[in-house]
Amino acid sequence: MSDKIKTSVDITGEKIHWKQDISYGDYLGLDQVLNAQTLRSGAHDEMMFIIIHQASELWMKLCIHEMTSAMDCLKDDKIGPAMKMVARIARIQEQLIHSWNILSTMTPKDYMSFRDSLGQSSGFQSFQYRIIEFSLGNKNAAMVKAHADHPDRYAAVNDALNAPSLYDLTLQLLAKRGFDVPQSHIDRDWSNPYEVSDQVEAIWSDIYKNGDKYWDLYEWAEKLVDLEHRFQTWRFSHMKTVERIIGYRRGTGGTAGVHYLKKALDLRFFPELWNVRTAI
């Protein structure tokens, strides 16, 4: 026991120490976290709006942490730990989905009471979201420009753009395992969008048809499908929440709002894993 513990209080039979090396609040940095909500209007709902978006950014920070480690594991053919990390990301996505349920309690009138305080700020400018999207394979070099005024963020997003995605690393792993992955799909300019390959689809078809033989790859494929499914559910919930609150107004950052979000629903991270379902 630390010599710095000086006092304790007996509460319902439990001896609780109040003075110690580090407290609960100190460990979590609660002074900084709980004082990070700067309201720019007198509107009641602005507090909820800020906290939901701040909490979402914290969840995204954890997604990036797990994604980075999962990708490192794939490089070393450690698919077991990578599966655990990707499964955790999918569960984090559930929390992000639930956040829209809370935000949807805000009416159009509630939002308009503080919307002008947002200025040109927009979720479109979230650099962590962009890193996640790039890491999953939705590459678009034009999106990096939005972060040009913040050198550290720009560098982080640009690094994700120019690095192989989770799916790129998966295809490299398949090649190491002896599958005939096209060279164009394991050694390319990673900043370019992924192009669908019939040859890659045929490989996944073989894996799915022979799941007992390729069990870990079969399981990995399903983890990826689960991850994308939840990501798309998050996108859909986002779109419907925006539609419910502001209808078809333009977004604060200048995007087309709901129209822009609907287009994002057509994007695929792991296209062959979806196409193969029809083939088999």
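# A guided tour of the predicted model

Of the chain's 280 residues, 42% count as buried. The structure is a predicted model, and the tour begins with the whole chain before turning to individual residues.

**The whole chain.** Display the complete chain as a cartoon. It contains 12 helices and 2 strands. Followed along the sequence, the elements run β-β-α-α-α-α-α-α-α-α-α-α-α-α. Along the principal axes, the C-alpha atoms occupy a box of roughly 65 × 55 × 35 Å. Switching to a surface view shows an accessible surface of about 15,700 Å², of which carbon and sulfur atoms account for 52%. Among contacts between residues at least 6 apart in sequence, 66% connect residues at least 24 apart.

**First stop: a surface patch.** Select Ile-22, Tyr-24, Tyr-27 and Leu-28. These residues make a nonpolar surface patch of about 510 Å². Then select Tyr-27 alone, which belongs to helix α1, residues 24-28. Is Tyr-27 buried or exposed? Its relative accessibility is 65%, so Tyr-27 counts as exposed, the cut-off for that class being over 50%.

**Second stop: Glu-46.** Proceed to helix α3, residues 46-75, and select Glu-46, which is found there. Glu-46 is buried but has no salt bridge. Which side chain of opposite charge is nearest to Glu-46? That side chain belongs to Arg-40, and it is 5.8 Å away. A salt bridge requires a nitrogen and a carboxyl oxygen within 4 Å, so this separation does not qualify. The side chain of Glu-46 does form a polar contact of 2.6 Å with the side chain of Ser-41. To view the surroundings, add the residues that Glu-46 contacts beyond its neighbours within four places in sequence: Thr-38, Leu-39, Arg-40, Ser-41, Phe-114 and Ser-117.

**Third stop: salt bridges around helix α8.** The salt bridges in the model number 14. Select Asp-168 and Arg-188, which form one of them, with their closest N and O atoms 3.0 Å apart. Asp-168 is in helix α8 (residues 166-176), whereas Arg-188 is in the loop between α8 and α9 (198-209); the pair therefore ties together parts that are 20 residues apart in sequence. Both Asp-168 and Arg-188 are buried.

Next, select Asp-216 and Arg-177, whose side chains meet in a salt bridge of 2.8 Å, N to O. This pair links distant parts of the chain, 39 residues apart: Asp-216 lies in helix α10 (residues 215-246) and Arg-177 in the loop between α8 and α9. Asp-216 has a relative accessibility of 25% and therefore counts as partly exposed. Arg-177, at 33%, is likewise partly exposed.

**Final stop: helix α10 and a network.** Remain on helix α10 and select Glu-243 and Lys-240. Their side chains meet in a salt bridge of 2.6 Å, N to O. Both residues lie in this helix, 3 residues apart, which is about one turn. Glu-243 is partly exposed, with a relative accessible area of 21%, and Lys-240 is partly exposed as well, with 37%. To conclude, select Arg-91, Glu-94, Asp-226 and Arg-230, which are joined into one network by salt bridges that share partners.

Conventions. Residues are numbered from 1 along each chain as its sequence is written. This is a predicted model: local features need pLDDT of at least 70, side-chain atom pairs count only at pLDDT 80 or more; totals for chains, interfaces and linings use all residues. Side-chain values use heavy atoms; hydrogens and water are left out. Patches are made of residues with over 30% relative accessible area and no salt bridge: like charges are joined within 9 Å, nonpolar side chains (Val, Leu, Ile, Met, Phe, Trp, Tyr) within 5 Å. Accessible areas come from the Shrake-Rupley method with a 1.4 Å probe; for residues, only the protein chains shown count as cover. Helices (H or I, at least four residues) and strands (E, at least two) are DSSP runs, numbered from the N terminus. Buried means under 20% relative accessible area, exposed over 50%, partly exposed in between (1.4 Å probe, protein chains only). Lys and Arg count as positive and Asp and Glu as negative; His and the chain ends are not counted. A polar contact is a pair of N or O atoms within 3.5 Å; within protein, one must be able to donate a hydrogen and the other to accept it, and residues adjacent in sequence count only if both atoms are side-chain atoms. Contact means heavy atoms within 4.5 Å.
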